[in-house]
Amino acid sequence: MPDALDALTISRRIGPELVDLRRRLHRIPELGLHLPDTQSAVLEALAGLDLEVTVGESLSSVVAVLRGRAPVSGERPVVLLRGDMDALPVTEQVAVDYASERPGLMHACGHDLHVAALVGAARILDELRDELVGDVVLMFQPAEEGPGGAEPMIREGLLEAAGRRVDAAYAVHVYSADHPVGTWFGRPGTLMAAADEIVVTVRGLGGHGSAPDRTRDPVPVACEIVLAFQTAVTRQFSVWDPVVLTVGRIAAGTVNNVIPDDAVIEASLRTFSPEHRTKAHEVVTRVAQGIAAAHGLTAEVSIGNGYPVTVNDVDEQSFAQGVVVDLFGADRWADMVNPEAGSEDMSFVLEEVPGAYLNVSACAFADHRDAEDNHSPRATFDDAVVPDIAVALAEMALRRSRQLATD
Ligand SMILES: [Zn+2]
């Protein structure tokens, strides 16, 4: 693979600059949809390259299209590479000389490494443009930690940014624990859960605690609904495609001798397949409304959709894993047995376009069992992995677009 060698050589040459960019970003963490300082740093880092750059309207995203120069006979393939850019409301407790300069804010999920790596991929692809068949869309995304940046970027035209729809999409996430530094890990199919918020309001008719027959008491009905939820989870869903439904809050009434008008149940629903997610929404609604109706009350069910299930396309996952193994060796890959119960808004892109989301350990400890997880104020990331992520993303784009052009 001559261009693998070239891409690796370039990544090693530009590595120190990428690490420097990561550390500059680490000092200036920003939250949510609007990341003006991060956006400026990205635009500045991309400034010397021949790219078609657009910035978001409703959020401070950056989309850059890089056009290949290799000849292509049919339609030009389009590959998307994604890096998320936002930080967390965490006070950093890591003693590094590039620690956060913003009290209460920290890049505790390593998205600063993602930004630097995506800039690195852009620089590698820029140098290897003569070998690139088709076009690459570079997606610099705000608000992964909430309220979600991928969905508004798709609405603003992300997937058509190159003039043709994206054919395949890839993303990489760093972890501060779990594996020795430099180990890549992932799995085909479901990678992360969908997380939805459920609010059930049981509407009854309040009154005197001594005369429940002249009321429609929502309290026992709410209790029955909570228990029926657990029965529904175990009786209506296969154990091989788990559903987790946790009632974290239940509230009703003010005092012991007054029957309230309403009772409220708040629950968190996690599912690992789109099928069970849809079914769980139906089951929760039917159970709550059915039990309320059986007692002559009503139940309103509102479901706040969080991020969908993150699903790796089986072929794309196998391709991306192959690139990693080819670049770094089979001993740097670990299969994930189970999906993670967290969620991720790259899922919105992967719902539209086949692709793969891989993880890599950036653990900064000699023994990864001593390390703290992402989101901890003590999460520490070894940015020596940044050039590796850059070259892996660049190679995914180079190789997949070549395959797409000959398919
Ligand atoms: Zn993250």
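Visitor: Helices (H or I, at least four residues) and strands (E, at least two) are DSSP runs, numbered from the N terminus. With that in mind, in which loop does H375 lie?

Guide: Welcome! Keep in mind that this model is predicted. H375 follows strand β16 (355-361) and precedes helix α9 (386-406). Its place is therefore the loop between β16 and α9.

Visitor: Is H375 buried or partly exposed?

Guide: Buried means under 20% relative accessible area and exposed means over 50%, with partly exposed in between. H375 has 37% relative accessibility. That value falls between the two cut-offs, so H375 counts as partly exposed.

Visitor: What is the phi of D178, and where is D178 found?

Guide: D178 is partly exposed, with a relative accessible area of 37%. D178 is not a glycine, yet its phi is positive, at about 80°. Its place in the chain is the loop between β5 and β6.

Visitor: How many helices and strands does the protein have?

Guide: Let's step back to the whole chain. Buried residues make up 54% of its 407 residues, and its C-alpha atoms fill a box of roughly 80 × 50 × 40 Å along the principal axes. The protein has 9 helices and 16 strands.

Visitor: Which residues are the protein donors of the zinc ion?

Guide: The donors lie 2.1 to 2.3 Å from the zinc ion. In sequence they are spaced C-x1-H-x61-H. Two of the residues in question, C109 and H111, are buried. The full set of protein donors is C109 (SG), H111 (NE2) and H173 (NE2).

Visitor: How is the aromatic pair of Y170 and F319 classed?

Guide: The ring centres are 5.7 Å apart, and there are 45° between the planes. Planes under 30 degrees apart count as stacked and over 60 as edge-to-face. An angle of 45° fits neither, so this pair is tilted.

Visitor: How many residues apart in sequence are the parts that this pair ties together?

Guide: Both Y170 and F319 are buried. Y170 lies in strand β5 (residues 168-175), while F319 lies in helix α7 (residues 314-328). The pair therefore ties together parts whose separation in sequence is 149 residues.

Visitor: And how is the pair of Y175 and F185 classed?

Guide: Y175 is in strand β5 and F185 is in strand β6 (residues 184-186), 10 residues apart. Y175 counts as buried at 13% relative accessibility, and F185 does too at 2%. Their rings are 5.3 Å apart, centre to centre, with 65° between the planes. Since over 60 degrees is the cut-off passed here, the pair is edge-to-face.

Visitor: Which residue has its charged end over the ring of F319?

Guide: Here we meet F319 again. A charge sits over a ring if, among other conditions, NZ of Lys or CZ of Arg is within 6 Å of the ring centre. The charged end over F319 is 5.9 Å from the centre of the ring, and it belongs to R400.

Visitor: Which residues make the nonpolar surface patch of about 210 Å²?

Guide: One of them is V53, found in strand β1 (residues 52-55). V53 is partly exposed, with a relative accessible area of 38%. The patch is made by L43, V53 and V55.

Visitor: Which two residues are joined by a cis peptide bond?

Guide: Omega of this bond is about 0°. P147, one of the partners, is found in the loop between β4 (135-141) and α4 (150-155). The cis bond joins G146 and P147.

Note on methods
Residues are numbered from 1 along each chain as its sequence is written. This is a predicted model: local features need pLDDT of at least 70, side-chain atom pairs count only at pLDDT 80 or more; totals for chains, interfaces and linings use all residues. Side-chain values use heavy atoms; hydrogens and water are left out. Rings of Phe, Tyr and Trp (its six-membered ring) pair if their centres lie within 6.5 Å; planes under 30 degrees apart count as stacked, over 60 as edge-to-face and the rest as tilted. Buried means under 20% relative accessible area, exposed over 50%, partly exposed in between (1.4 Å probe, protein chains only). A charge sits over a ring if NZ of Lys or CZ of Arg is within 6 Å of the ring centre and within 35 degrees of the ring normal. Patches are made of residues with over 30% relative accessible area and no salt bridge: like charges are joined within 9 Å, nonpolar side chains (Val, Leu, Ile, Met, Phe, Trp, Tyr) within 5 Å. Accessible areas come from the Shrake-Rupley method with a 1.4 Å probe; for residues, only the protein chains shown count as cover. A salt bridge is a side-chain nitrogen of Lys or Arg within 4 Å of a carboxyl oxygen of Asp or Glu. Donors are N, O and S atoms within 2.8 Å of the metal (3.2 Å for Na, K and Ca); water is not among the atoms, so sites may look incomplete.
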